[in-house]
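Here is a short briefing for a first look. Keep the sequence and the structure in view as you read.

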Amino acid sequence: MEPRLPVRVVAGKVLNTIRQHPVTVIIAETGSGKTTQISQILYEAGLGREGRIGVTQPRRVAAVSVARRVAEERGGRVGQEVGYAVRFEERVSTQTVIKYLTDGTLLRECLEDPELNQYSVIVLDEAHERSLNTDILFGLLKRLVYVRAKPLKLVITSATLDGDKFSAYFNNCPVLNIPGRCFDVQIIHAAENHEQQYVQAAVDVALDIHVSQPPGDVLVFLAGQADIEKAVAALTEAVAGMAEGQCGDVMILPIYAAMPLELQARVFAPGPAGCRRIIVATNIAETSVTVDGVTYVIDPGVVKQKRYNPQTGLDSLELVPISRVQAVQRAGRAGRTKPGKCFRLYTRKFFERDMQVLTVPEIQRTSLLTAVLYLKSLDLQVDVLAFDYVDPPEPAALEDALRQLYVLDAIDAGGCISPRGRQMVALPLDPSLARMLLAAAQLGCLPDALTVAAMLSAETLFVGGRGPEAASMQSDQAGKAGGTREGRDELQALMAEGQGDHIMFLRLYQAWDQSGWSASWCKSMGVELTWFYQSFAASPADSRVFLSRVCPVEAAWEIHKASVMQNQGRSLHGGFG
Ligand SMILES: Nc1ncnc2c1ncn2[C@@H]1O[C@H](COP(=O)(O)OP(=O)(O)OP(=O)(O)O)[C@@H](O)[C@H]1O
């Protein structure tokens, strides 16, 4: 228990407000105890007796690490009183009362039980992130608190949220502003912006901190795995070149989403005594997480953000400046267990005048395919165009999602979910991948399709963030840049088959399988081994079994009559122009 945390100081007020109102918005500084304490305050007051206290997080790493912390604070182990559920991993038992879960997992639970009867309270944490899933949950839970027979409390929490806007959305619910923070974070702005060379600038500042600042770990935010690998290589080289006695020991630890959860967890374990850790992270470490020991944060002010292009119908990742809200969150990763410093690699003027105040909600910038199919699958007769959004998406993006779902045969001409759409939504995958698996089941090639789906679900393929074009490079620095020359030739041969990315992935997997899942084979090909691990969990065999379990495609498959499909196709193509 942390009695000094600001949220603990006003525990009585928090409790009374939540008891008296169906929905409460709580705004308090980063590190003040929202994520770890509110659930415990409610539990200690008996609010978990009638059902679990669920706390959502936008990211897996946060759900898992916070559950571990809260279990530890309560003197238990994860999976007992405190548990977590994230995609592909669950540590929850009949004893579990406080459950941390990702917002995506809660949405999937709604499919099984639209009334979410296992919960008495749901806390939507980090609401400012405005993830697509959280935005959908706002609309669904707003309705549920008023219609569910068994009482349900909803709590919305954030360090930076427009309280008035959310209060208005939730029928003028109360907004609790909790003052105070634990430790100060000194903000140091750069004299000039480092837009182009932000990786090198971040490396330089990290090294500078290492040689000149008192003990404390450093957390560096970069935009993606490729950036991180570049920075780790540069830091390793620079540290190795430092004269003996110039500085203390240092340990460099990367963390990004494509890494298996066990590897991500390394950053939460304490480092060796007297050794400074430099943790190089994507924005997965931006909210909620506490990395004990982090005193210095380096924030280059950029992020890779998913954006939807209505012309191509696809999402792409773009490097964009972060919002001020994100800058506040990043700084808030310091000052949690002692005072800290945040080095911003952009000017104060840029922060004050040029940065957007809020992050654009994901619902207004990404593909809506999964979300629309999800809403269609709920037996709530949801009109996706008129759904109760906090901020509605572009009508054109919604219409586009409907059109694509029709093409995938997930909805019918009337816009209702089809039997195939129901099968698709049962698979925890992107609708296009789900559709591919269903087709593969029908065509008798499910094992290969499962392989491709697993590989496409993982994020990074080639070492150094290179695409397959790395294979055609005639670089002398082969091993360093992405594989040996022979490896690149082999990769090129796979690509030369010209059957598209999916078949190439399948061939790549088959070659890896034949190599006996060899790490040196991956290195020679310039392929990221962690990518295979990410794709196949423990092993390809396990992954197949797992995917077959979560994707009951064969059992559920109903063959549509070809003529029906053709007729539907004609009428719908006409309907959607
Ligand atoms: N793993 C941990 N190790 C050490 N201290 C921790 C840990 N997790 C939390 N704490 C302590 O508890 C405090 C509150 O953390 P908590 O995550 O509940 O804050 P928060 O208000 O949700 O922050 P944020 O808005 O950044 O998510 C931290 O500032 C820190 O002092």
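A polar contact is a pair of N or O atoms within 3.5 Å. By that cut-off, an N or O atom in the side chain of Thr36 makes a polar contact with a ligand oxygen, at 2.5 Å. The model is predicted. Two topics follow: the ligand site and an open sheet of eight strands.

**Around the ligand**

- The ligand has 17 residues around it. Lys34, Thr35, Thr36, Arg333 and Arg336 come nearest.
- Helix α3, residues 34–44, gives the largest share of this shell, with three residues.
- By class, the shell holds nine polar residues, seven charged ones and one nonpolar one.
- Backbone atoms take part too. A polar backbone atom of Gly31 sits 2.8 Å from an oxygen atom of the ligand.
- For Ser32, a backbone N or O atom is 3.1 Å from a ligand oxygen.
- On its own, the ligand has 630 Å² of accessible area, and the protein covers 92% of that.

**Thr35**

- Thr35 belongs to helix α3. This residue is also among those that come nearest to the ligand.
- Is Thr35 buried or exposed? Its relative accessibility is 9%, and buried means under 20%, so Thr35 counts as buried.
- The Thr35 side chain also makes a polar contact with the side chain of Asp125, at 2.6 Å.

**The sheet**

- Strands of a sheet pair through backbone hydrogen bonds, in a parallel or an antiparallel way.
- Here eight strands form an open sheet with mixed pairing. Their order is β4-β3-β5-β2-β6-β7-β1-β8.
- Which strands stand at the edges? They are β4 (89–91) and β8 (175–178). Each has a single partner strand, so one side of each lacks a neighbour in the sheet.
- From one strand to the next, the twist averages 20 degrees.

**Pairs within the sheet**

- Strand β3 (residues 82–86) and strand β5 (residues 98–102) run parallel, joined by four bridges.
- Tyr84 has Tyr100 in β5 as its bridge partner.
- Strand β1 (residues 23–28) pairs with β8 over four bridges, also in the parallel sense.
- Opposite Ile27 stands Asn177 of β8.

**The two faces of β8**

- Side chains alternate along β8. Leu176 and Ile178 point to one face and are buried.
- Val175 and Asn177 point to the other face and are not buried.

Note on methods: Residues numbered from 1 in each chain as written. Predicted model: local features only at pLDDT ≥ 70, side-chain atom pairs only at ≥ 80, totals over all residues. Heavy atoms only, no water. Near = heavy atom within 4 Å. Polar contact = N/O pair within 3.5 Å; in protein donor to acceptor, adjacent residues only side chain to side chain. Areas by Shrake-Rupley, 256 points an atom, 1.4 Å probe, with all protein chains shown as cover. Nonpolar A, V, L, I, M, F, W, Y, C, P; charged D, E, K, R; others polar. Pairing = 2+ DSSP bridges. Axes fitted to C-alpha atoms, helices over the stretch in contact; angles between N-to-C directions. Buried < 20%, exposed > 50% of the residue type's maximum accessible area, 1.4 Å probe, protein only.
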